Structures are given as C-alpha cells and as structure tokens.
Amino acid sequence: MSTIELLGLSKRYGGVTVVAPTDLRIEQGELVTLLGPSGSGKSTILSMIAGLTTPSEGMVRIGGCDVTHVPPAQRNLGMVFQSYALFPHMTVFDNIAFALSIRSVAKAEIATRVDRALAQVRLGGLERRRPSELSGGQQQRVALARALVFEPEILLLDEPMGALDKNLREEVQLELRQLQRELGVTTVLVTHDQEEALSLSTRLVVLDQGRIQQIDTPIAAYQRPSNRFVAQFIGTAN
Ligand code: ADP
Ligand code: MG
C-alpha cells in the first residue's frame, strides 16, 4: 500500500509560512503533479513527503502509517531531483549500483536489480557507458533507474526534466508515463511547466504562495479553473 496522505501539513521558516496547513490524499498508482510558480512551496511539500524537511505542524502518512518522524531511508521512496548529478567517472552500471553496494547487497543481486532498472527505463546495453557518452535525456533516465533500483513504491520527482530541452523532456515524460502505468508506482512530480503537468498527471495540485488553489484532473482544472490564479496559470500553457 502506497497511498500518501498529508494532514494539516505546514512549514514555517522563522515567522514566514511557506506551506499553509495542507490536506491531500494521493492514491496508490497515481501520478500527481504539484504545479505552481517558483516559490509556491512545491519543493518544500515534496521534501516533507520525503522526510528531508521536518514539518512545522501536521502529519505525513504512507500506506496508512504515520511516517512524520521516520527517516527518509526507511520510507521506501525513490527520489530524482534536477540537481542530483550522476558520478561522471563511473559507468552507468556503477552509478546505479553504487547505493546498493554501500548497503552491502550481494553482487549477483545487484547485477539483477541494475539490469531490471535499466530495462525499465529502456537503457539496456548502455551499462558500460559513462554519463558524458549519453544524451541529457538518457542521463536523466539513468537517474530514474538509480531511484528504481530500490524498487520503491513511491517516486518523488522534483523538476526532473527542468534542465532538458523539449525533445529530451518528451523522452523522459514518456518513460514516466510507462513506469506509472506498467509498475503502478505512486508518483509525485514537481513542475512549473503547465504543459507537462496537463499531459502527464492523473491529478493536478495547483499551488500559489504555499496554498493549494485547486486539486483536480487536468481536464477539469483546465475547463473549470477554481479561481483567477488557476485560470491564468494553466491558461499560459497555450
Ligand atoms: P518552489 O519549489 O515552489 O519553487 P520552495 O518550496 O522551494 O518553492 O520554496 C517556498 C518558499 O520557501 C520560498 O519562498 C523559499 O524561499 C522558502 N524556503 C525554502 N526553503 C527554505 C529554507 N530552508 N529557509 C528559508 N526559506 C526557505
Ligand atoms: Mg522547487
């Protein structure tokens, strides 16, 4: 079970509220996008789900269990952040295997899991390459494989396509869609790209200034924006 529930989850820095008390339930196998302008609190919410940021108030539940005080490594999550670079001196295989090897997983088991993760992002055959011998989209798919090698029930993605040009972005988007459909991994994607959010998500969570403005399917948010902010923000996708 990998539902994610946020109950009254908030974050303040000093006296400043960056995420107002937030309630959200994400069902198993959904691909939910946190969409909003820069500074609207998207990464802070994702980071609280991951356990990397401690909430000021409220609770995070995963699979019905309160994990608010559970460390990130015990939450069974895969994470891909734009800034998580690959190790340039390591092969694709070693980049993906690295986190398993420091957890002393047996060699044969590592090989099996790396192969499976590479197949999931359709990069089989490229394991001996170095990151510099891959396209940007392929590098991002290696980063995705590095998250999938833990066989997480939940994937948290913070602007994973942010640094890619349009074609490469589409390549990674296709991958995400397949992962969600075929593996049923519950995915939370942070983006400020309206088009990406509309095309990928089962539901959108539109944020402005740390507050949820609308939670809806892409089509409903597009056709019936709940306020002027949502209308303007989603409308700029055209
Ligand atoms: P987004 O991902 O939507 O761009 P963030 O969640 O990164 O937004 O940030 C939301 C707000 O919280 C911003 O105003 C940001 O400056 C502030 N913020 C984020 N992290 C910190 C921090 N560690 N200390 C103080 N303010 C922070
Ligand atoms: Mg951010």
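Which residues is A145 in contact with, leaving aside its neighbours within four places in sequence? Select A145 and look around: I96, A117, L118, Q120, V121 and L123 are its contacts beyond that stretch. Keep in mind as you go that this is a predicted model.

**Stop 1: the nonpolar core**

Now widen the selection from A145. A145 belongs to the largest nonpolar core, a set of 61 residues. Together with I96, L156 and V188, A145 is among those with the most contacts inside this core. Colour helix 4, residues 136–148, next: with 6 residues, helix 4 supplies the largest share of the core.

**Stop 2: helix 1 and ligand 1**

Move to helix 1, residues 42–50, which is mostly covered, with 7 of its 9 residues buried. To see them, select K42, T44, I45, L46, S47, M48 and I49. Step just past the end of helix 1 and you reach G51, which takes a positive phi of about 90°.

Next, show ligand 1. Its surroundings are Y13, V18, G36, S38, G39, S40, G41, K42, S43 and T44. Helix 1 gives the largest share of this shell, 3 residues. Try colouring the shell by residue class: you should find 7 polar residues, 2 nonpolar and 1 charged.

**Stop 3: P55, in a loop**

Follow the chain onward to P55, in the loop between helix 1 and strand 4 (57–62). Is P55 buried or exposed? P55 has 24 C-beta neighbours inside 10 Å, and 20 or more are needed, so P55 counts as buried.

Select S10 as well. S10 and P55 are 45 residues apart along the chain, yet 5.8 Å separates their C-alpha atoms. Apart from neighbours within four places in sequence, the contacts of P55 are L9, S10, K11, M48 and T68. You have already met M48, one of the buried residues of helix 1.

**Stop 4: an open sheet**

Switch to a cartoon view and pick out the open sheet of 4 strands, whose order is 2-1-4-5 and whose pairing is antiparallel. At its edges are strand 2 (16–26) and strand 5 (65–66), each of which pairs on one side only. Strand 1 (residues 4–13) and strand 2 run antiparallel and are joined by 7 bridges. To find one of the bridge pairs, select Y13 and its partner in strand 2, V16. Y13 also appeared earlier, in the surroundings of ligand 1.

**Stop 5: strands 3, 9 and 10**

Which residue of strand 9 stands opposite T33? Select L204, and you have the partner. Strand 3 (residues 31–35) runs parallel to strand 9, with 4 bridges between the two. Stay on L204 and look toward strand 10, where D216 stands opposite. Strand 9 and strand 10 run antiparallel, joined by 5 bridges. Their hairpin has 2 residues between the strands, and Q209 takes a positive phi near 50° there.

**Stop 6: helix 8**

Finish at helix 8, residues 228–235, where V230, F233 and I234 are buried. Turn the view so that you look down the axis of helix 8: the buried residues line one face because they fall within an arc of 90°. Residues three or four places apart in an α-helix point the same way, because there are 3.6 residues a turn. On the face turned away from the buried side, select the exposed residues R228, Q232 and G235.

What covers the buried residues of helix 8? The cover includes helix 6 (194–200), strand 9 (203–208), strand 10 (211–216) and helix 7 (218–223).

Terms used. Residues are numbered from 1 along each chain as its sequence is written. Chains are lettered from A and ligands numbered from 1 in the order in which they are written. This is a predicted model: local features need pLDDT of at least 70, side-chain atom pairs count only at pLDDT 80 or more; totals for chains, interfaces and linings use all residues. A nonpolar core is a set of buried Ala, Val, Leu, Ile, Met, Phe, Trp, Tyr and Cys residues joined through C-beta atoms within 7 Å. A residue is buried if 20 or more other C-beta atoms lie within 10 Å of its own, exposed if 12 or fewer, and partly exposed in between; C-beta atoms are placed from the backbone. Two residues are in contact if their C-beta atoms, placed from the backbone, lie within 7 Å. A residue is near a molecule or strand if its C-beta atom, placed from the backbone, lies within 6 Å of it. Ala, Val, Leu, Ile, Met, Phe, Trp, Tyr, Cys and Pro count as nonpolar, Asp, Glu, Lys and Arg as charged, and the others, Gly among them, as polar. Two strands pair if DSSP finds at least two bridges between them. The arc is that of the directions from the helix axis to the C-beta atoms.
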